[in-house]
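Work through the exercises below with the model open. Each task is followed by a solution in steps.

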Amino acid sequence: MNGDEQLLRGRVYGRDHDDPDPGPLPHHTYAVLIGGPLDGLLLDITGWRPEEVGDGAALPTELGQFPGGRSVYEPRQGEPRAPGPGVSCRYYYCGDTR
């Protein structure tokens, strides 16, 4: 794991790395991102409806194949989700888009 990858692990997507605590907040629900340029980040899915959680996310990033593009992450069908706060599910990298 290189230095950039270590910087990302356990951080919440969208929170500034200069934030004194870029980690998860209590009483929030997260999906952990697996693989791809955002591997190890947590995506805050607090307040998302179940169908939204099931759709996954296309996340803007400068780290993907297309600078200024998006990295697509989706849950695996049939993989269980934990209810309540904390890490609820996993989203797996599917590729990058412009």
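**Exercise 1. Find what Thr29 touches, then place Thr29 in the fold.**

Solution. Start with contacts, meaning heavy atoms within 4.5 Å. Outside its neighbours within four places in sequence, Thr29 contacts Leu43, Asp44, Ile45, Thr46, Gly84, Pro85, Gly86 and Ser88. Next, the element: Thr29 lies in strand β1. Last, the cover. Thr29 has a relative accessible area of 18%, so this residue counts as buried (under 20% relative accessible area; exposed is over 50%, partly exposed in between, with a 1.4 Å probe and protein chains only).

Ground rules for all tasks: the model is predicted, so local features need pLDDT of at least 70 and side-chain atom pairs pLDDT 80 or more, while totals for chains, interfaces and linings use all residues. Residues are numbered from 1 along each chain as its sequence is written, and side-chain values use heavy atoms, with hydrogens and water left out.

**Exercise 2. Write down the order of helices and strands, then the global totals.**

Solution. Count the elements: two helices and five strands. These are DSSP runs numbered from the N terminus, with helices as H or I of at least four residues and strands as E of at least two. Read along the sequence, the order is α-β-β-α-β-β-β. Now the totals. The protein has 98 residues, and 34% of them are buried. Its accessible surface is about 6000 Å², with 51% belonging to carbon and sulfur atoms. Those areas come from the Shrake-Rupley method with a 1.4 Å probe; for residues, only the protein chains shown count as cover. Finally, take contacts between residues at least 6 apart in sequence: 49% of them join residues at least 24 apart.

**Exercise 3. List the largest nonpolar core and follow one member outwards.**

Solution. Apply the rule: buried Ala, Val, Leu, Ile, Met, Phe, Trp, Tyr and Cys residues are joined through side-chain atoms within 4.5 Å. The largest such core holds 12 residues: Ala31, Leu33, Leu38, Leu41, Leu43, Ile45, Val53, Ala57, Leu59, Tyr73, Cys89 and Tyr91. Strands β1 (29-34), β3 (57-60) and β5 (86-97) each give two or more residues to this core. Follow Leu59. Leaving out residues up to four places away in sequence, Leu59 touches Tyr13, Leu33, Leu38, Leu43, Gly69, Arg70, Ser71 and Tyr73.

**Exercise 4. Locate the aromatic pair and classify its geometry.**

Solution. Rings of Phe, Tyr and Trp (its six-membered ring) pair if their centres lie within 6.5 Å; planes under 30 degrees apart are stacked, over 60 edge-to-face, and the rest tilted. The structure holds one aromatic pair. Tyr73 and Tyr93 have ring centres 5.6 Å apart and planes at 55 degrees, so the pair is tilted. Tyr73 sits in strand β4 (residues 70-74) and Tyr93 in strand β5, so the pair ties together parts 20 residues apart in sequence. Compare the cover. Tyr73 is buried at 0% relative accessible area, whereas Tyr93 is partly exposed at 31%.

Both tyrosines also meet a glycine: Gly36 touches Tyr73 and Tyr93, not counting residues up to four places away in sequence. Gly36 is in the loop between β1 and β2 (42-44). Its relative accessible area is 37%, which means partly exposed.

**Exercise 5. Test the cysteines for disulfides.**

Solution. Set the cut-off: a pair of cysteine sulfur atoms within 2.5 Å. The count comes to zero disulfides. Check the cover of two cysteines. Cys89 is buried at 6% relative accessible area; Cys94 is partly exposed at 47%. Note one spatial neighbour: the C-alpha atoms of Cys94 and Gly36 are 7.9 Å apart, with their positions 58 residues apart along the chain.

**Exercise 6. Find the residue with a positive phi, and the charge over a ring.**

Solution. Recall the background: most residues other than glycine have a negative phi. His27 has phi near 70 degrees, a positive value. His27 is in the loop between α1 (3-8) and β1, and counts as exposed at 71% relative accessibility.

For the charge, require NZ of Lys or CZ of Arg within 6 Å of the ring centre and within 35 degrees of the ring normal. Arg76 lies over the face of Tyr92, at 3.7 Å from the ring centre.
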